[in-house]
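Thank you all for coming. I would like to walk you through one structure this morning, slowly, for those who have not seen it before.

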Amino acid sequence: MTTMMTSKPSPLTPTGTGHPTHTQSLPCAEESVGIARLSVAATLRAWGLEDLVDDAHLIASELATNAIRHATRHIPDPERRGRFRLKVERPSDHLVRISTFDRSRTIPRIIEASETAESGRGMAVVDAVSCRWGIDLKPWGKGVWAECATPDHLP
């Protein structure tokens, strides 16, 4: 006699319906940047999009860093800094959108940082490795997103 067993897919297992999405809430703390990178890489690998991991690492790092920096700029107490949300979406088979959402209304922009500047290049990096990026203003803050596509499907 054969017994058939079924199991629930893991949260990162792609399904055949709709567009897969991974979201998580992270504390506004430096260690969350590394967690964001790992989450994005694990999600893309689960979706079979290994070709996008390097660019997605950079995008996730810069967007998470900006979310943390701007959400905590005027809050020195780490206990009161709150959280930001990371979201990874797959709107099509060959396109990924990485977003962060925070409570700051400070708009990220591309600036020309000097050679000796220790920061200020984040959105220039996002602009360089993404197909496109943008900002969605919310009543409570903003979402910043960037998209990357597989090399054979660049827009």
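**The sheet, the helices and a cavity**

Let me begin at one side of the sheet, where strand 4 and strand 5 pair in the antiparallel sense, with 7 bridges between them. Please keep in mind throughout that what you see on the screen is a predicted model. The connection from strand 4 to strand 5 is a hairpin, and 2 residues make up the link. If you would like two places to look for this pairing, find Leu-137, which stands opposite Lys-142 in strand 5, and then Gly-134, which has Trp-145 of strand 5 opposite it.

Now let us step back to the whole protein, which has 3 helices and 5 strands. Reading from the N terminus on, the order of the elements is β-α-α-β-β-α-β-β. The protein has 155 residues, and buried residues make up 39% of them. When we take the contacts with a separation of 6 or more, 65% of them are accounted for by residues 24 or more positions apart.

How are the strands ordered in the sheet? The sheet is an open one of 5 strands, with the order 1-2-3-5-4 and antiparallel pairing. At its edges are strand 1, residues 21-27, and strand 4, residues 132-138, each of which pairs on one side only. On average, neighbouring strands of this sheet are turned by 15° against each other, if we ignore direction. As a general reminder, strands of a sheet pair through backbone hydrogen bonds, and they may do this in a parallel or an antiparallel way.

Going along the sheet from strand 1, we find that strand 1 is joined to strand 2, residues 83-92, by 7 bridges, and that the two run antiparallel. Within that pair, His-22 has Val-88 of strand 2 as its bridge partner. Helix 1, residues 31-46, lies across strand 1, strand 2 and strand 3, and its direction is at about 170° to strand 1.

Further along, strand 3 and strand 5 also run antiparallel, and here 8 bridges join them. One of the places to see this is Ile-98, whose bridge partner in strand 5 is Ala-146. How many of the residues of strand 5 are buried? The count is 9 of the 9 residues, so strand 5 is largely enclosed by the rest of the structure.

Let me turn next to the empty space inside. In general terms, rolling a probe the size of a water molecule over the atoms shows where empty space is left. In this structure there is 1 cavity of 30 Å³ or more, and the space in the largest cavity comes to about 40 Å³. Which elements each supply at least two residues of its lining? They are helix 2, residues 53-72, strand 3, residues 95-102, and strand 5, residues 141-149. Helix 2 gives the largest share of that lining, with 4 residues. Among the lining residues are Leu-63, Asn-66, His-70, Asp-102, Pro-108, Met-123 and Lys-142. By type, the lining divides into 5 nonpolar, 3 polar and 2 charged residues.

One of those lining residues deserves a closer look, namely Asn-66, which is found in helix 2. Is Asn-66 buried or exposed? Its relative accessible area is 13%, and because the cut-off for buried is under 20%, Asn-66 counts as buried. Leaving aside neighbours within four places in sequence, Asn-66 is in contact with Pro-108 and Met-123, and both of these residues also line the largest cavity.

Ser-104 sits in the loop between strand 3 and helix 3, and with a relative accessible area of 8% Ser-104 is buried. Apart from neighbours within four places in sequence, Ser-104 is in contact with His-70, Ala-71, Gly-141 and Lys-142.

My last residue is Val-125, which is found in helix 3 and which, at 25% relative accessibility, counts as partly exposed. Not counting residues up to four places away in sequence, Val-125 touches Leu-58 and Glu-62. The C-alpha atoms of Val-125 and Asp-55 are separated by 9.6 Å, while these two residues are 70 residues apart along the chain.

Terms used
Residues are numbered from 1 along each chain as its sequence is written. This is a predicted model: local features need pLDDT of at least 70, side-chain atom pairs count only at pLDDT 80 or more; totals for chains, interfaces and linings use all residues. Side-chain values use heavy atoms; hydrogens and water are left out. On a 1 Å grid over the protein atoms alone, a cavity is a set of points where a 1.4 Å probe fits but cannot get out, and a pocket is an open set with protein on both sides within 12 Å along at least five of seven lines; lining residues have an atom within 4 Å of a point. Grid points are joined across faces, edges and corners, and a volume is the space filled by probe spheres set on the points. Ala, Val, Leu, Ile, Met, Phe, Trp, Tyr, Cys and Pro count as nonpolar, Asp, Glu, Lys and Arg as charged, and the others, Gly among them, as polar. Two strands pair if DSSP finds at least two bridges between them. Axes are lines fitted to C-alpha atoms, for helices over the stretch in contact, and angles run from 0 to 180 degrees between N-to-C directions. Contact means heavy atoms within 4.5 Å. Buried means under 20% relative accessible area, exposed over 50%, partly exposed in between (1.4 Å probe, protein chains only).
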